[in-house]
Amino acid sequence: MENLKHKLKIIEQDSEAIILLHGLARSRFSMNKAGKLLAAYGYKIINVHYPSRKRAIESLALEYIAQALAECDSEQIEKIHFLTHSMGGILIRYYLSAKPIAKLGHVVMLAPPSQGSEIVDRLAGWPLFYLLNGPAGLQLGTDKDSLPNALGPVNFPVGVIAGDRSVNPLLSLLIPGVNDGKVSVNRARVAGMQDFIVVPYSHPFIMQREPAVEQALYFIQQGCFANGLRR
């Protein structure tokens, strides 16, 4: 992949913020590496931890994104961006369907189940699935009434980065088409997105891969990916 370091700008310290939202059954520690990489460019980083397996997406989004935004309540911060992994992308979509964010900049979603995941369709009825993923996990199916599909097109600036490698071949067998072991490349797309790119990483680790984070920062700064699909 193209080395983007020479194209990325260092901004005035803490003049813009990036809120990080981890995925289902993960914690803020999974986003630590991305946060450190982004902070080096001058951004104020708010790495959110939320109990992803304990509550429904709507409740998680409204409480924990509001808390993160409160940390950005400073005249010094001119823009607020988001970098999300997996279900974190659905949280910000839900939040913005309910409330505006005055200083919203760009949103980058890594491996989001934007149109749901067949994994949920096939395994949601298993007791172990609920034990591991909780109520939010059950909301991520592919039917038209699932939360991701009910949210409809995005109306804010979004770039989506999908992965096309898997470290779980058994789960990949449940997903039609190219996928990252949890989400297919096609179902990562969301109507209304500004740009889209596919990278050679798997679902559990895409947010820890430096080239993917650099692409995310490029979008945050430019509104497009380097070599992305223009829309």
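What follows is a chat about the fold, the empty spaces and a surface patch of a predicted model.

Visitor: Okay, what am I looking at? How many helices and strands does the protein chain have?
Guide: This is a predicted model, and its protein chain has nine helices and seven strands.

Visitor: And how does its radius of gyration sit against the globule rule?
Guide: It comes out at 16 Å, close to the 17 Å that the rule gives for 231 residues, so the chain is as compact as a globular protein of that length.

Visitor: What does the C-alpha trace span along its principal axes?
Guide: About 50 × 35 × 30 Å.

Visitor: Let's talk holes. How do you even find empty space in there?
Guide: You roll a probe the size of a water molecule over the atoms, and that shows where empty space is left.

Visitor: Pockets, then. How much space lies in the largest pocket?
Guide: About 520 Å³. It is lined by 24 residues, and the closest to its centre are L24, I119, F129, N133 and K182.

Visitor: Which elements give two or more residues to that lining?
Guide: Those are α4, running 118–123, and α5, running 127–138. Helix α5 gives the most, with five residues.

Visitor: How does the pocket lining divide into nonpolar, polar and charged?
Guide: You get 15 nonpolar residues, seven polar and two charged.

Visitor: Switching to closed spaces: how many cavities of 30 Å³ or more turn up in the whole structure?
Guide: The search finds one. About 40 Å³ of space lies in this largest cavity.

Visitor: Which residues line it?
Guide: The lining is L37, L38, Y41, V213, E214 and L217. Two elements give two or more residues to it, namely α1 (32–39) and α9 (210–222).

Visitor: Which of the elements gives the most there?
Guide: That's α9, with three residues.

Visitor: And what's the chemistry of the cavity lining, in terms of nonpolar, polar and charged?
Guide: Five residues are nonpolar, one is charged and there are no polar ones.

Visitor: Last topic, the outside. Which residues make a nonpolar surface patch?
Guide: L128, L131 and L132 make one of about 310 Å².

Visitor: Where is L128 found, in which helix?
Guide: In α5. You've met that helix already, as the element that gives the most to the lining of the largest pocket.

How values were computed
Residues numbered from 1 in each chain as written. Predicted model: local features only at pLDDT ≥ 70, side-chain atom pairs only at ≥ 80, totals over all residues. Heavy atoms only, no water. 1 Å grid on protein atoms, 1.4 Å probe; cavity = no way out; pocket = protein on both sides within 12 Å on 5 of 7 lines; lining within 4 Å. Points joined across faces, edges and corners; volume = space filled by probe spheres on them. Helix = DSSP H or I, 4+ residues; strand = E, 2+ residues; numbered from the N terminus. Nonpolar A, V, L, I, M, F, W, Y, C, P; charged D, E, K, R; others polar. Patch = residues over 30% accessible without salt bridge, like charges linked within 9 Å, V, L, I, M, F, W, Y side chains within 5 Å. Areas by Shrake-Rupley, 256 points an atom, 1.4 Å probe, with all protein chains shown as cover. Salt bridge = Lys/Arg side-chain N within 4 Å of Asp/Glu carboxyl O. Rg over C-alpha atoms; globule rule 2.2 N^0.38 Å.
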